[in-house]
Amino acid sequence: MKFDKSVEAFKEAQRYIPGGVNSPVRAFGQVGGTPPFIKKGKGAWLYDIDGNKYLDYVQSWGPLIFGHADKEITEAIIEAAKLGSSFGAPTEAETQLARMILSIYAHPGLEKIRFVSSGTEAVMSAIRLARGYTGRPDIIKFTGCYHGHSDSLLVKAGSGATTFGNPSSPGVPEDLIKHTLLARYNDIESVKACFESSPHTIACVIIEPIAGNMGLVPAKKEFMRALADLCAAHGTLLIFDEVMSGFRASLQGALPYYDVKPDIVTFGKVIGGGMPVGAFAASRQIMSHLSPEGPIYQAGTLSGNPVAMAAGLAMLSKIVATKNLYTKLESRARQLMAGFEEIGHRRGIPIVTNVRGSMFGFFFHDGAVEDYETALESDTKLFARFHQGMLKQGIYLACSQFEAGFICEPMTKKLIDRTLEAADSVLGAL
Ligand code: PLP
């Protein structure tokens with residue numbers, strides 16, 4: 001497999017764009033080598049500028065349930081663009097997508113939703129809403145959960161539970177970060193300690209109910225129940241960040257996995273059908289505090305963009321119209337992960353896996369991974385070699401041990417068999 005053109009393109013990109021990329025993980029820093037520069041995608045396949053093709057288990061980091069360049073979604077985008085790419089004025093498509101998301105997600109406590117242009121923006125706005133609504137300054141987040149790159153949420157993962165966080169990046173003021181408390185995922189005692197240290201000041205707890213940013217690590221049911229009870233007891237809002245898991249883990253995202261109803265939910269990725277969209281939703285009462293109904297300011301020139309709304313509508317319509325979609329996607333994810341475990345077992349390489357709907361994750365780790373701290377014990381060097389080997393076999397996996405993978409609808413059983421053959425030969429040669 002040749003990568004000459006990608007190597008050149010990467011060099012050229014680095015002259016003008018920091019690191020040659022517009023989002024850091026794309027630079028392949030954790031696995032080494034040159035990222036293939038993509039020319040096009042079709043269904044489960046990605047094609048690079050050197051003429052290589054790959055089975056794509058990233059799918060733009062989640063949005064593309066039906067794979068690349070899906071016919072219906074592409075046509076909807078083209079038709080909407082022909083009518084104008086942006087108006088900065090209300091369109092009916094916004095109401096249609098709002099109604100559709102709220103009715104499909106089927107959480108009776110979510111009555112209104114506002115669209116933004118990214119997951120980061122959705123979460124940042126949801127946090128402001130929670131702070132403005134409760135009149136409290138502090139938030140609790142979990143180590144290893146990623147909620148976009150806004151200041152309050154860019155807190156060093158892996159810091160000791162219950163301590164005040166340290167910024168993960170220069171440029172994030174300590175003064176701001178002191179309002180972000182860190183707890184350990186799946187560890188209710190660490191959350192209790194946060195509440196004990198600051199019983200009256202915590203506006204919200206934000207969690208990825210199915211964490212996909214430390215690899216795939218689902219929250220435990222009893223942990224989530226206890227978390228919701230603690231929030232209720234302290235008048236603290238519970239925010240589910242479903243930017244990744246929404247319409248991915250199931251039609252109702254994480255909801256079917258827990259008997260808990262969050263106060264605010266953030267969405268992104270799938271609801272935009274591959275276009276830049278995010279959203280946050282809550283009860284009518286909470287949302288009435290948002291501008292222009294209430295005093296909490298939030299806005300966006302391209303929010304509710306008509307082309308993006310059309311893509312989201314086409315995506316969700318197709319999801320609803322496709323029978324047994326999530327059952328099929330989950331069975332493929334299970335086939336892949338069972339295959340990885342079997343190969344690891346046969347070859348004496350410890351691999352543990354998780355599956356939630358169309359999301360999957362595997363760790364080169366001996367024993368269960370239940371939080372960021374255990375995820376960090378994984379063999380990242382082995383992961384990097386595995387990733388490089390798989391890429392050369394035409395299999396495009398997320399380029400970090402700490403990212404989830406995604407199954408798209410065109411990924412057939414046969415293509416997964418092919419992936420498993422590649423995995424067997426790569427692991428056999430390591
Ligand atoms: N929240 C979660 C759970 C995410 O996985 C991500 C991105 O991967 C974000 C928020 C940020 O979304 P975006 O990259 O669209 O800003």
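**Exercise 1. Sort the residues of the shell around the ligand by class, and state how many are nonpolar, polar and charged.**

Solution. In this predicted model, begin by listing the residues that surround the ligand: Ser118, Gly119, Thr120, Tyr146, His147, Gly148, Glu208, Asn213, Asp241, Val243, Met244 and Lys269. Next, assign each residue to its class, bearing in mind that Tyr counts as nonpolar and Gly as polar. The shell then divides into three nonpolar, six polar and three charged residues.

**Exercise 2. Find which atoms of Tyr146, Asn213 and Asp241 lie 3.5 Å, 3.0 Å and 2.7 Å from atoms of the ligand, and state what share of the ligand's accessible area the protein covers.**

Solution. Take Tyr146 to begin with, where a backbone N or O atom lies 3.5 Å from a nitrogen atom of the ligand. Turn then to Asn213, which places a polar side-chain atom 3.0 Å from an oxygen atom of the ligand, and to Asp241, which has a polar side-chain atom 2.7 Å from a ligand nitrogen. As for cover, the ligand on its own has 390 Å² of accessible area, of which the protein covers 81%.

**Exercise 3. Describe the largest cavity by its volume, its lining residues and their classes.**

Solution. A search of the whole structure for cavities of 30 Å³ or more finds one, and the largest cavity holds about 80 Å³ of space. Its lining consists of Phe360, Gly361, Phe362, Phe383, Leu397, Ala398, Ser400, Gln401, Glu403, Ala404 and Gly405. Strand β14 (residues 359-363) supplies the largest share of this lining, namely three residues. Sorted by class, the lining has six nonpolar, four polar and one charged residues.

Conventions
Residues numbered from 1 in each chain as written. Predicted model: local features only at pLDDT ≥ 70, side-chain atom pairs only at ≥ 80, totals over all residues. Heavy atoms only, no water. Near = heavy atom within 4 Å. Polar contact = N/O pair within 3.5 Å; in protein donor to acceptor, adjacent residues only side chain to side chain. Areas by Shrake-Rupley, 256 points an atom, 1.4 Å probe, with all protein chains shown as cover. 1 Å grid on protein atoms, 1.4 Å probe; cavity = no way out; pocket = protein on both sides within 12 Å on 5 of 7 lines; lining within 4 Å. Points joined across faces, edges and corners; volume = space filled by probe spheres on them. Helix = DSSP H or I, 4+ residues; strand = E, 2+ residues; numbered from the N terminus.
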